[in-house]
Amino acid sequence: MPAHSTVLASRRTILLAALVLYEQFVHEYDAERDAVEVEVRLGRFEKLSKDWESIQQQLEDQTSNAEEIVHNAALREDFEARVIRVQSALKREWKEISRLQNAQPRPGGNPLQGIKLPTIALPEFDGDYMQWLTFRDTFECLIHQNDDLPAIQKFHYLRAAVKGEAAQVIEAITISASNYDLAWRMLTERYSNEYLLKKRHLQAMFGIAPAKKESASTLHQLVDEFQRHKKTLDHLGEDTNTWSSILEHLLCTNLPVSTLRDW
């Protein structure tokens, strides 16, 4: 077999192995545990099917041996039948998930329930204290306080959202409905440290790089960055309204020389 054909055959074998994993996922599917993965798996499976079709067609085009032609035909027939079964199962589950998401609101329930709104992407958190409050507030609003989501799905969302150092905090916790609250509590106890949060934002405020060039956009960026840290400190309980002289001096030291002269 030519070298190029050997490479194609190896890639085809890898894709066949991937198909087995998808068959296993469909066979062992649990709606409470696995529903969050269906949409992603469906998209990747369709790509797998297209990749296999492309590779298989190239191998068939390069084959003239009668025995190999028969082998390829049997392989194609088997693969296509298995693809149809897996794809049908995934689409059926995705249809059911979509139906539940778009269900009509229950009497006395949230009047917005059942209305299809634009998808809000979950934020990611890698352990940066500066991003913790934004991540916490968004995740609590979208996932943690959502009573329509089972705890096991909340845990899957949490695992998908945390990266790096933050992921290591809950890495050893087994994914289960009963362990979700433990995982969320460990994260909040680790990063909802007001002393460290205040310290990091003070360091960032005092470490803002001076603006070297005078322009409206440069000044806007400087003020926006300054205000972001000030408002976060206010949110953490610091009364920055009593710091007016200090804050004015700090901000002025970061202005361009020409702007400071005019000031």
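Arginine 82 has its place in helix α4, and it makes a good way into this predicted model. The residue is buried, with a relative accessible area of 15%, yet its side chain takes part in salt bridges with glutamate 23 and aspartate 78. From there, we can move on to the other charged pairs, the aromatic rings and helix α3.

**Around arginine 82**

- Which residues does arginine 82 touch, once its neighbours within four places in sequence are left aside? The contacts are Leu19, Val20 and Glu23.
- With glutamate 23, arginine 82 makes a salt bridge whose closest N and O atoms are 2.8 Å apart. Glutamate 23 sits in helix α1 (residues 3-27) and arginine 82 in helix α4 (residues 66-101), so this pair ties together parts that are 59 residues apart in sequence.
- Are the two partners buried or exposed? Arginine 82 is buried because its 15% falls under the 20% cut-off, whereas glutamate 23, at 25% relative accessibility, counts as partly exposed.
- The salt bridge between arginine 82 and aspartate 78 comes in at 3.1 Å, N to O. Their side chains are also joined by a polar contact of 3.1 Å.
- Aspartate 78 shares helix α4 with arginine 82, and the two are 4 residues apart, about one turn of the helix. Residues three or four places apart point the same way, because an α-helix has 3.6 residues a turn.
- Aspartate 78 itself is partly exposed, at a relative accessible area of 38%.

**Other salt bridges**

- How many salt bridges are there? The count comes to 9.
- Another one pairs lysine 47 with aspartate 51, with 2.9 Å between the closest N and O atoms. Both residues belong to helix α3 (residues 38-61) and lie 4 residues apart, about one turn of the helix.
- Lysine 47 is exposed, since its relative accessible area of 54% is over the 50% mark. Aspartate 51, at 28%, is partly exposed.

**Aromatic rings**

- The structure has 12 aromatic pairs. In one of them, tryptophan 132 and phenylalanine 135, the ring centres are 5.9 Å apart and the planes sit at 45 degrees, so the pair is tilted.
- Tryptophan 132 and phenylalanine 135 are both buried. They lie in helix α5 (residues 129-144), 3 residues apart, about one turn of the helix.
- Which residues do ring pairs link into a cluster? Besides Trp132 and Phe135, the cluster takes in Phe125, Phe139, Trp184 and Tyr191.

**Arginine 41 and its rings**

- The charged end of arginine 41 sits over the ring of tyrosine 22, at 5.9 Å from the ring centre.
- Arginine 41 also lies over the face of phenylalanine 25, where the distance to the ring centre is 4.0 Å.

**Helix α3**

- Helix α3 has 24 residues and reaches 34 Å from its first C-alpha to its last. That is close to the 34 Å expected at 1.5 Å a residue.
- Which residues of α3 are buried? The list runs Val38, Leu42, Phe45, Leu48, Trp52, Ile55, Gln56 and Leu59.
- The salt-bridge pair of lysine 47 and aspartate 51 sits in this helix too, with lysine 47 exposed and aspartate 51 partly exposed.

Key:
Residues numbered from 1 in each chain as written. Predicted model: local features only at pLDDT ≥ 70, side-chain atom pairs only at ≥ 80, totals over all residues. Heavy atoms only, no water. Salt bridge = Lys/Arg side-chain N within 4 Å of Asp/Glu carboxyl O. Buried < 20%, exposed > 50% of the residue type's maximum accessible area, 1.4 Å probe, protein only. Phe/Tyr/Trp six-rings, centres within 6.5 Å; stacked < 30°, edge-to-face > 60°. Lys NZ or Arg CZ within 6 Å of the ring centre and 35° of its normal. Expected span 1.5 Å × (residues − 1). Polar contact = N/O pair within 3.5 Å; in protein donor to acceptor, adjacent residues only side chain to side chain. Contact = heavy atoms within 4.5 Å.
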